[in-house]
Amino acid sequence: MTEEAAPTMPTGCSARGCGKPATWALLWNNPKIHTPDRRKTWLACDEHKDSLSDFLDRRSFLRSVEPFSA
Ligand SMILES: [Zn+2]
């Protein structure tokens with residue numbers, strides 16, 4: 001609930017210390033804590049798209065990767 005209530009949608013890369021404008025949205029779900037239709041979103045720049053999606057994919061959390069533009 002709290003994430004959806006955030007007043008502004010961040011548009012920068014989610015990688016720690018990056019903050020570049022995001023060009024990809026990584027949609028993921030943790031079955032242990034989220035209902036199956038729930039989607040969390042990480043944003044990624046071109047540079048961090050692979051490392052962030054790998055991180056989620058290794059945990060079987062990654063559901064889809066979509067182009068993103070602010
Ligand atoms: Zn980045």
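Which residue stands opposite Pro67 in β3? Keep that one in mind while you look around; the reply comes in point 4.

1. A quick heads-up before anything else: what you're looking at is a predicted model.

2. Let's start with the metal. The zinc ion has four protein donors: Cys13 (SG), Cys18 (SG), Cys45 (SG) and His48 (ND1), at 2.0 to 2.3 Å from the ion. Try picking them out along the chain, where their spacing reads C-x4-C-x26-C-x2-H. Two of them are handy to follow: Cys18 sits in the segment before β1 (24-28), while Cys45 sits in the loop between β2 (40-44) and α1 (46-58), so this pair ties together parts that lie 27 residues apart in sequence.

3. Now for the geometry. Why is the arrangement tetrahedral? Because the angles between the four donor atoms around the zinc ion run from 102 to 115 degrees. As a yardstick, the ideal angle for four tetrahedral donors is 109.5 degrees. Is Cys45 buried or exposed? Its relative accessibility is 4%, so Cys45 counts as buried. Cys18 comes out at 23%, and therefore counts as partly exposed. And in case you were hunting for disulfides, the count is zero.

4. On to the sheet. Three strands make up an open, antiparallel sheet, in the order β2-β1-β3. The edges are β2 and β3 (62-67), each of which pairs on one side only. On average, neighbouring strands here are turned by 25 degrees against each other, if you ignore direction. Back to the opening question: the residue opposite Pro67 in β3 is Trp24.

5. Stay with β1 for a moment. How many bridges join β1 to β2? There are five, and the two strands run antiparallel. On this side, Trp28 stands opposite Lys40 in β2. The pairing of β1 with β3 is antiparallel too, over five bridges. If you're wondering what holds such neighbours together, strands of a sheet pair through backbone hydrogen bonds. β1 is also mostly covered, with four of its five residues buried.

6. Last, the helix. α1 lies across β1, β2 and β3, and runs at about 145 degrees to β2. To find α1 from the zinc site, go to Cys45: this donor is in the loop between β2 and α1.

Methods. Residues numbered from 1 in each chain as written. Predicted model: local features only at pLDDT ≥ 70, side-chain atom pairs only at ≥ 80, totals over all residues. Heavy atoms only, no water. Donors = N, O, S within 2.8 Å, 3.2 Å for Na, K, Ca; no water. Tetrahedral: all angles 85-135°; square planar, octahedral: opposite > 155°, others 65-115°. Buried < 20%, exposed > 50% of the residue type's maximum accessible area, 1.4 Å probe, protein only. Disulfide = S-S within 2.5 Å. Pairing = 2+ DSSP bridges. Axes fitted to C-alpha atoms, helices over the stretch in contact; angles between N-to-C directions. Contact = heavy atoms within 4.5 Å.
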